[in-house]
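Reader: I have a structure to go through with you. Can we take it topic by topic?

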There are 2 protein chains.
Amino acid sequence: MKFAGWGDPGKRFSLEGKPNLWSFIESVTGVADSTPTPPVDFDSITLSEPRIEETFLLALTKQLRHDQIASDRTTRLLHCYGKSYRDLLRAIAGKVERAPDLVLFPESQEEVVTIVTAAAASNVKLIPFGGGTNIVGGVEVTPTTRSTVATVSLRRMNRVLRIDESSLVATIEAGALGPELESDLNAAGYTLGHFPDSFEFSTLGGWLATRSAGMQSDRWGKIEDMVVSLTMVSPTGTLRTPRVPKTATGPDLNQVIVGSEGILGIITEATMRIHPLEGSEYRSLLVPDFASGVALIRRCLREDCLPSTMRLSCPEETQLGIAMKPRPSPGKAILQRLGKTWLRATKGIQMEKACAIIVGFEGSRKRIAEQRKRVLALTREHRGVDLGTSAGDRWFAGKYDYPYLRDTMMERGGMVDVTETSALWSEVLPLYESMKRTLHDQLREGDFPGYVGCHLSHSYASGACLYFTFAARREPGNELNQYLAVKRAAVETLLASGAALSHHHAIGYEHLPWIESAIGETGVRALKGLKEALDPDDLCNPGKLIPGRESSLDHFWPDPSSSATPDQEP
Amino acid sequence: MKFAGWGDPGKRFSLEGKPNLWSFIESVTGVADSTPTPPVDFDSITLSEPRIEETFLLALTKQLRHDQIASDRTTRLLHCYGKSYRDLLRAIAGKVERAPDLVLFPESQEEVVTIVTAAAASNVKLIPFGGGTNIVGGVEVTPTTRSTVATVSLRRMNRVLRIDESSLVATIEAGALGPELESDLNAAGYTLGHFPDSFEFSTLGGWLATRSAGMQSDRWGKIEDMVVSLTMVSPTGTLRTPRVPKTATGPDLNQVIVGSEGILGIITEATMRIHPLEGSEYRSLLVPDFASGVALIRRCLREDCLPSTMRLSCPEETQLGIAMKPRPSPGKAILQRLGKTWLRATKGIQMEKACAIIVGFEGSRKRIAEQRKRVLALTREHRGVDLGTSAGDRWFAGKYDYPYLRDTMMERGGMVDVTETSALWSEVLPLYESMKRTLHDQLREGDFPGYVGCHLSHSYASGACLYFTFAARREPGNELNQYLAVKRAAVETLLASGAALSHHHAIGYEHLPWIESAIGETGVRALKGLKEALDPDDLCNPGKLIPGRESSLDHFWPDPSSSATPDQEP
């Protein structure tokens with residue numbers, strides 16, 4: 001992974017063949033097509049010496065090999081941040097206040113137990129680390145942590161341990177990246193069916209710890225819906241939940257571990273539902289407006305024919321998608337203009353209000369054909385048109401590339417981030433409108449309205465997930481406050497409407513100021529009870545998920561120059 | 001409800017028109033067609049005076065009406081037991097060691113808060129009570145409880161408060177019985193779709209507290225899968241979970257509340273997914289043996305056409321079902337004999353090994369026809385035959401009557417109980433065999449093998465629920481030990497194979513000796529953490545779900561004459 005950017009160090013977002021993209025971005029955000037400002041040189045970043053608790057290190061060296069214990073500058077830096085906007089701001093500027101003192105690479109369940117036991121004996125804090133793609137501050141060392149901090153990378157525990165074909169479950173180590181586990185499962189004819197945007201660089205353990213959602217979650221559920229059994233190593237013991245389909249043996253401990261964000265222990269292994277590999281087809285549809293798109297999705301739900309993916313973009317996101325298209329040949333350009341005229345004349349679809357929907361079908365050719373037929377019939381009933389597979393295929397091919405575009409925009413002086421939520425269907429359209437208004441109010445600057453894209457990414461019988469992307473010009477010298485004002489307004493708007501603080505990005509450190517508003521004082525009390533029972537000395541990922549004594553917004557991102565430091569003890 | 005039996009006081013299991021039933025029962029269990037021994041006369045049962053904490057009563061009388069506070073003998077007795085075999089043994093014998101001192105009838109969320117607050121101030125123990133159908137000792141006063149105990153009946157909180165038609169959710173008070181909430185939802189064109197065997201006499205709050213499953217759970221999920229949001233009043237505060245489809249805001253608090261069996265607080269209200277009312281059709285199929293039935297169900301799962309109900313009975317349960325049929329006309333008898341010959345000759349189905357499957361389809365007429373076509377085609381592939389709707393309709397009409405048959409058998413000197421579990425598909429058949437063997441080994445007496453029926457009641461992609469019914473003659477004077485030996489052998493067999501301690505009956509008091517084997521020491525620690533956080537003074541349903549300092553089997557059902565009493569403090 002890059003230190004100050006997303007993903008593959010050899011890869012950047014390609015602007016080639018997208019002649020209209022930057023003019024679109026500039027017209028709404030003011031972020032100009034300028035020479036990129038590269039991040040601060042990695043080698044010039046200063047990092048204080050690690051604070052290493054000697055008894056801890058001694059205990060480790062007895063049980064782990066030399067190459068499993070790192071305290072070098074590069075490894076520490078590569079494990080100090082996730083990939084949130086705030087992380088990237090700091091990484092680009094080369095500011096690292098606090099990094100883990102050690103990075104450990106266990107290779108088995110037993111070695112994780114060794115590490116946790118040694119940490120408990122020496123009061124060393126532990127931060128579990130998968131792919132490092134977290135965007136809510138879930139893997140950083142919080143500024144007030146004074147003890148030795150060891151980040152525990154699960155990346156060497158990346159095997160598919162067992163496939164039980166008759167039960168359609170697989171037991172997989174937590175550190176397996178998406179492509180690693182899919183490759184092993186595919187070889188046996190199966191898939192997990194979980195493809196989050198971070199798929200290429202994130203791990204099963206990370207997905208579980210944060211309640212991740214993927215592209216095909218409409219069919220297979222979020223990661224929490226795929227769990228059969230989990231193993232988590234806590235300071236007070238190892239929790240292995242029963243390997244059975246369903247139980248009535250008290251509160252669901254799988255659902256206590258899922259979403260625990262490392263604060264209760266380290267997830268080492270999971271038995272997950274898997275599915276036989278199938279074919280797929282991606283198409284795009286166009287509907288007259290967002291409300292028609294919502295109506296179409298709800299209709300598919302009620303008629304029991306919701307495809308595996310049904311992702312509705314708002315008009316602005318639809319325009320961004322169009323702006324990414326290659327320049328058409330002169331003949332094709334004429335056809336496209338005719339097409340637009342036809343859409344307006346016969347369907348009443350005006351391009352500036354039109355919304356694209358990506359639909360993904362899975363199954364045998366016959367099953368896909370049946371699904372397609374039903375969904376396209378309903379699409380016509382809702383005044384939509386089928387644009388075929390080419391835009392669908394283009395979206396599918398580029399679906400993991402958006403974070404690279406963020407890097408490019410940030411290098412050119414842009415602020416770019418996302419915020420997502422879920423709401424009941426009765427709230428979806430009002431929330432869509434109010435979030436759009438709130439974000440535009442925050443981002444508008446002179447001639448530039450700011451970019452506020454939204455897509456409805458996941459649908460349930462009772463409601464949906466709305467995913468907002470926003471972008472504007474960065475205010476140099478005031479980056480964090482500028483961003484925080486936008487984020488705060490967005491979160492307050494969604495909480496005021498009763499929507500979820502997060503649908504699949506989790507809480508971490510950055511959402512901490514609002515967790516009590518989201519789940520209530522008694523809800524936080526329940527989480528504290530779990531923490532106290534499983535990790536009474538607050539060794540595991542301290543300062544995340546559970547608010548400390550000071551968790552007001554003022555303490556959220558403290559001014560580094562201030563001498564008063566907030567207390568993050570839960 | 002009856003005190004010493006199931007359900008409607010005016011109703012008994014009808015033996016009329018079932019000429020072969022009792023001879024079948026007697027041939028396997030030895031329980032003879034004798035004159036029933038009625039339970040001890042209700043009026044003769046002695047009950048010690050209630051121990052009433054005066055400050056508590058005073059606090060209540062300020063806020064509740066006179067008719068909401070009961071301490072009379074009848075009300076206390078009617079709330080002292082659930083409906084387990086052990087409960088019925090005690091009720092029939094008129095033995096009540098300890099009943100609640102008070103029974104309270106709150107009519108609103110606020111009144112529940114009043115009760116919980118007053119209890120906290122006076123160290124009064126609270127037992128939430130819905131319909132009282134629990135069969136694991138979940139609503140009784142544990143023998144060592146010395147404080148005042150108030151049972152809180154939720155039965156006056158039985159309204160459907162709101163239906164959000166666009167989100168397909170309804171907010172319902174916890175004390176609504178199945179027929180009450182269905183009647184309100186049906187009037188608006190909806191159904192919850194939850195029909196457990198206890199449906200007529202159990203409540204939404206009870207279903208939630210115990211992770212109940214219903215007849216159509218294959219389609220709509222267990223009760224925990226239908227929850228959108230819950231409200232629970234705990235001694236340390238009221239927990240209201242977000243009213244949204246899905247979240248990533250830490251551990252799932254809905255799944256902490258569901259299954260908490262009253263030990264964390266009192267569930268007062270739930271927002272649940274609902275569905276438009278649809279038509280249905282019940283049929284019965286016959287397959288050559290249990291393994292073919294399992295194969296057929298798994299095939300339906302893989303082909304994505306599992307009906308709403310698909311309930312596979314073992315040969316013994318199938319024989320019991322046949323024994324319940326009315327005497328055929330002479331002509332029909334000939335046809336039935338010919339049918340059996342045909343089954344054997346053309347299908348290779350031998351009646352003594354044959355297994356019945358009840359299938360229930362739901363939807364429009366068209367949808368039902370499509371489902372039927374696919375399922376019957378697969379049935380033929382698995383050497384099964386369609387027996388049509390008459391046996392299906394008969395099963396549907398009598399589906400809530402089995403507990404009444406238990407009463408009749410107990411009156412005639414029978415021991416009858418059930419035990420259920422869930423397991424991965426790879427374990428289902430070995431577990432079926434080992435449980436059958438274990439139970440028969442325990443029940444066999446002279447010429448009588450004992451009755452061990454099993455049905456596969458619910459199916460999941462990864463496995464299934466197996467539900468065992470067992471019966472034999474009661475050993476007078478040794479009833480509890482006789483039963484405990486059977487129950488212990490059954491539970492040890494299923495735990496040894498890694499199956500669930502319970503799939504939908506919960507833990508309560510009777511399963512307590514095995515909860516740590518089922519969820520592990522760290523699992524129990526997590527539950528204790530929740531308890532400590534939400535109910536630190538152990539006011540809520542003490543002695544249930546979480547093992548106390550003494551929870552070994554020896555302390556499970558203590559000899560009442562013994563002076564050493566086990567400690568149930570968690």
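Author: What follows covers the contact between the chains, their symmetry and the nonpolar core. This is a predicted model, where local features need pLDDT of at least 70, side-chain atom pairs count only at pLDDT 80 or more, and totals for chains, interfaces and linings use all residues. Residues are numbered from 1 along each chain as its sequence is written, with chains lettered from A and ligands numbered from 1 in the order in which they are written.

Reader: How many residues does the contact take from each chain?
Author: Chain B gives 70 residues and chain A gives 69 residues; two residues are in contact if their C-beta atoms, placed from the backbone, lie within 7 Å.

Reader: Which element of chain B gives the most to that side?
Author: Helix 18 of chain B, with 16 residues. Helices (H or I, at least four residues) and strands (E, at least two) are DSSP runs, numbered from the N terminus.

Reader: Why do the copies meet through the same surface?
Author: Because 99% of the interface residues of chain B are also interface residues in chain A.

Reader: What rotation superposes chain B on chain A?
Author: One of 180° with 0.0 Å of shift along its axis, at RMSD 0.0 Å, fitted by least squares on the C-alpha atoms of residues with pLDDT of at least 70 in both copies. That is the relation of a two-fold axis.

Reader: Which residue of chain B comes closest to the axis?
Author: Gly529(B), with its C-alpha at 2.3 Å.

Reader: New topic. What does Met272(B) touch?
Author: Not counting residues up to four places away in sequence, Met272(B) touches Val169(B), Ala170(B), Ile172(B), Leu192(B), Met226(B), Val227(B) and Val228(B).
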